[in-house]
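Colleague: I should like to go through this model with you, one question at a time. Please give your reasoning before each answer.

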Amino acid sequence: MIGVTASSPLDPRLIEAASALDARVAVTAFLRESFAIDRARVARRLEGGVDGAEAARLYAAAADTMLTGLWRVATEVVHPAPQDRLSLLAVGGYGRGVLAPFSDLDLLFLRPGQTASARTTAVIEFVHYVLWDLGLKVGSASRSVGETLALARDDMTVRTTLLEARVLAGDADLGEGLLKRFRAEIARADPRPFIAAKMEERDVRLQKTGAVRYRVEPNIKDGKGGLRDLNTLFWIARSLAPDSERGQAALEGLLSARELRSFREAIGFLWSVRIHLHLAAGRAEEKLTFDFQPEIARRMGWRGRGDELAVERFMRRYFQVAREVGALTRAVSAQLEARQQKKAQGLARGLSRLIPRRRAKLAFDGLAIEGGRLTVTGGGVFAHDPVRLLLLFVEADRLDLDLHPDAFAAVIRALSLVTPALRRDPRAAEAFLTVLAHGQRPYRVLSIMNETGLLGRFLPEWGRIVGQTQFNMYHAYTVDEHTLQAVGIINDIARGKLEADHPASTAIIHRIADIEVLMLAMLLHDVGKGGDRGQLEDGAIAARRACERLGVDPRRIELVVWLVRHHLLMSDYAQKRDVSDPSTVRAFAEAVGDPERLRMLMVLTVADIRAVGPGVWNGWKGQLMRALFEATEALFRGDAVTREDPLIDHPALVERARREGAAVEALPPETALESTARVAVAALDRPGLFADLAATLAMAGADVVGARLATAEDGTALDVFEIQDGAGEAYGQREPRRLAILVKALERAAQKGARTSAVETPRVSARRAVFEVRPVVRIDAETGASAVVVEVSGADRPGLLADLARTISAHGYSTRSAHIASFGERAVDGFYITDTDGTKPSDAARLAALRTGLLEVLDRAPQGPAGRRIVPVRASVRDVSDLEGALGRKPVSSGSRAR
């Protein structure tokens, strides 16, 4: 038993400290030094490569040593009374004998009777005060044996903490007596209520932290696939075998030998990550945010490989472990259900064993419906015909059933049956395409297929992106999770579920002739990420190889390949170019080629953007996409494309500006999807107007994440800005008064110029400062008929737009239109500029000077929080080069053989 050391001699230095005039101060000073030495020793062991779970045990042992010393000083020297029975127990995670550097110390002060003596109270107070003086977080309770047992019968939280309890110090007979009685009661009790409570507790926890396992900033402790999920399995095991060390006996009965190895490996890895995170943060930090990910990767010895950064390889491993944790949870569920110790649970909520067995004709012998889920009747059901691996998922979708954990495990065991022959089997391809393009719920079914590993085995191109992350702030999910969500979004659009958010796509999708091509392109659109030739080129090559293997018709393959290669085209044109300019529409139409491609590209682009993460899609982007689509479709019909009145969307505002000189209106978010406020400014154009408005927004703390600037023939300018506050919420949402103040400031700036301010540029968060973004400036004198297009990309920061606008103005140019977009940490802006007299610039030397000036602005890296050293790491590339690369490419070689 760890920590019960009453028989060993007490350190004379500790006795001396306890005898000092101020015993509390002296004891605290001694324990602070000795505890720090012990913790530093564990940190060195961790750096030396010791397993994370072992490091957690060593941290717990260091805490044991400190606490037993403190306890003995308190009970033997400061407040001696041998006849007063009192015991100190470690409970909760600490009771399990594991501890992170800054975790709480969960303690139980146990007494035999209902009433605490004065001496007992004094001991508890002394221990508490010293622990608080040491800066430790303590979660404690003081109870009698009877109170503790009574609470444990009714309170599942108390029962959970006692399942892990152990005696640390004091009266060992008292503590062990409690644990013996408690474990006897647990052994006699029905475990099902406790197990159900733990699973319900897990569901509530995941509702708070996010039910998606593959968020790129995961919570290591409480997130899906994190340590708490493994702890839940431990608690269940301990409730089934309370006398077993760490529930080992029950775990061995619930998990196979391979699963037990996976369990231990997952615990070791997750504990390593958690301890390193605590040490790097210097506090009890559980969320693995962007600013800590590179440091943890470095500490754990990860190195980059090819174009994949060390941090991306580390995070891929994290998500592979999280997936294993999910598989372990399913495996335990299967065993518990087999013992009838828990109601059947799964994605099909509300179904249980009480539901009668459904009488449905199933696709092949060996399938059954049990507890409202699809299962298999034997381990060899797939060996007879490996195509059944795919047919299982076709049936799950047809019947709208989740997989039973037994079927889930059977698929994992049968993955070796996925051979090159199966990948080329027409029946397997038909089954796969049925789920992907014609299924009821492709996101759910493909997600389960991905969790089993079957999707990556059947499509090797997919396997390379499983768990892959992109080290940038734009994407909220791993590449595979993002893609599956995009597939699900297309399905929801087709079923009319998203008509309110995407009316154009809902109308368009039913005019698409080949839904399989669209779904294949969506599934494969990101498989080139991390490739040597770039995402689009490698993606097109991989898509061709996958389609050939699936037996897709060559003509349809070309369309899939084109969509994969050009899946960024519409987004780039809509967000970076002037969609009201006929030359933009003609160039886009020329790149697209025909109406069917246009329709597919529209739906694919909408789904791709929406699946990036919460709040990324908004009505602003939808308006730009619709405008580009409608203008291009009109061109394909043979209609003439003319420049629309750029002021048409705000007629009343423009009219007021013509009367009063300037007018401003603020619009709150249009839908719950949006996280931005919109401000429109109409004014008579003048040199520096755009720069003054941008500077005013910067001084007000408004972060511009999107903007459109247009100028009519009569010189009236309309500037529309999408803005957020520093917390990433719609500007003024928390304080509407700020938005009203901003409106007045913009009116003044439009008429009289921006106020100059000596206010220092705000620092950005550590999450943003960790990204190193390569600055790019491209000057395009060919695209615009009457203006030069200047595209810039660089690290976003407060005031960047104002600095860019000032630089353009200072070089003697006017901004005719501007197109501002933000991709996480990266700003991507396009400016249509003219000379001050309205003519198209032609002086190459002046344009080169402008390019140099803009690069100098972009080179000013955003400053992170004061007092914290941050080493920037190259962000995953997604910049203005995408637009250049999307035009004029040669076809992907068709000579690569699928395998």
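Colleague: At about what angle to strand S4 does helix H3 run?

Modeller: The model is a predicted one, and what follows should be read in that light. Helix H3 covers residues 52–78 and lies across strand S1 (87–90), S2 and S4. Its angle to S4 is about 35°.

Colleague: Which strands stand at the edges of the open sheet of four strands?

Modeller: The order of the strands in this open sheet is S3-S2-S1-S4, and the pairing is mixed. Two of the strands have a single partner strand each, so one side of each is left without a neighbour in the sheet. On average, neighbouring strands are turned by 25° against each other, direction ignored. The strands at the edges are S3 (138–144) and S4 (166–170).

Colleague: Which residue in S3 is the bridge partner of Asp 106?

Modeller: Strand S2 comprises residues 105–111 and runs parallel to S3. Seven bridges join S2 to S3. For Asp 106, the bridge partner in S3 is Gly 139.

Colleague: Which residues touch the most other members of the largest nonpolar core?

Modeller: In soluble globular proteins, nonpolar side chains tend to be buried together. Here the largest nonpolar core has 121 residues, and helix H29 (residues 595–610) gives the largest share of this core, with nine residues. Apart from it lies another core, of 94 residues, which includes Leu 10 and Leu 105. In the largest core, the residues that touch the most other members are Leu 374, Phe 393 and Phe 432.

Colleague: With which residues is Phe 432 in contact, leaving aside its neighbours within four places in sequence?

Modeller: Phe 432 is among the residues that touch the most other members of the largest core. Phe 432 in H18 also takes part in the meeting of H18 with H19. Beyond its neighbours within four places in sequence, its contacts are Leu 390, Leu 446, Leu 455, Phe 458, Leu 459, Leu 523 and Leu 550.

Colleague: Is helix H18 parallel, perpendicular or oblique to H19?

Modeller: Two packed helices are described by the angle between their axes and the distance between the axes. Helix H18 (residues 426–438) and helix H19 (residues 442–452) have axes 8 Å apart and pack at an angle of about 135°. That angle therefore makes H18, with respect to H19, oblique.

Colleague: How many nonpolar residues does the contact of H18 with H19 have?

Modeller: From H18, the residues Phe 432, Val 435 and Leu 436 take part. From H19, they meet Pro 442, Val 445 and Leu 446. The contact has no polar and no charged residues, and the number of nonpolar ones is six.

Colleague: How does helix H28 stand to H29, parallel or perpendicular?

Modeller: The axes of helix H28 (residues 582–592) and H29 come within 9 Å and cross at roughly 100°. Phe 588, Ala 591 and Val 592 in H28 meet Arg 597, Leu 598 and Leu 601 in H29. By class, this contact has five nonpolar, no polar and one charged. The crossing angle therefore makes H28, with respect to H29, roughly perpendicular.

Colleague: Which residue in the turn between S5 and S6 has a positive phi?

Modeller: Strand S5 (residues 367–370) and strand S6 (residues 373–376) run antiparallel and are joined by four bridges. Ala 368 stands opposite Thr 375 in S6. The two strands form a hairpin with two residues between them, and the positive phi, about 60°, belongs to Gly 371.

Colleague: Where does Asp 400, with its positive phi, lie?

Modeller: Most residues other than glycine have a negative phi. The phi of Asp 400 is near 55°, a positive value. Asp 400 is partly exposed, with a relative accessible area of 32%. Its place is the loop between helix H15 (388–398) and strand S7 (402–403).

Colleague: How many residues of strand S14 are buried?

Modeller: Strand S14 pairs in the antiparallel sense with strand S13 (residues 776–780) over five bridges and with strand S16 (residues 826–835) over eight bridges. Val 777 stands opposite Val 792 in S14, and Gly 794 stands opposite Ala 827 in S16. Strand S14 is largely enclosed by the rest of the structure, because its buried residues number eight of the eight.

Colleague: Is Ala 818 buried or exposed?

Modeller: Ala 818 has its place in strand S15 (residues 813–823). Not counting residues up to four places away in sequence, Ala 818 touches Phe 690, Ala 707, Arg 708, Leu 709, Gly 830 and Phe 831. Its relative accessible area is 0%, so Ala 818 is buried.

Key
Residues are numbered from 1 along each chain as its sequence is written. This is a predicted model: local features need pLDDT of at least 70, side-chain atom pairs count only at pLDDT 80 or more; totals for chains, interfaces and linings use all residues. Side-chain values use heavy atoms; hydrogens and water are left out. A nonpolar core is a set of buried Ala, Val, Leu, Ile, Met, Phe, Trp, Tyr and Cys residues joined through side-chain atoms within 4.5 Å. Buried means under 20% relative accessible area, exposed over 50%, partly exposed in between (1.4 Å probe, protein chains only). Contact means heavy atoms within 4.5 Å. Two strands pair if DSSP finds at least two bridges between them. Axes are lines fitted to C-alpha atoms, for helices over the stretch in contact, and angles run from 0 to 180 degrees between N-to-C directions. Angles under 35 degrees count as roughly parallel, over 145 as roughly antiparallel, 65 to 115 as roughly perpendicular and the rest as oblique. Ala, Val, Leu, Ile, Met, Phe, Trp, Tyr, Cys and Pro count as nonpolar, Asp, Glu, Lys and Arg as charged, and the others, Gly among them, as polar.
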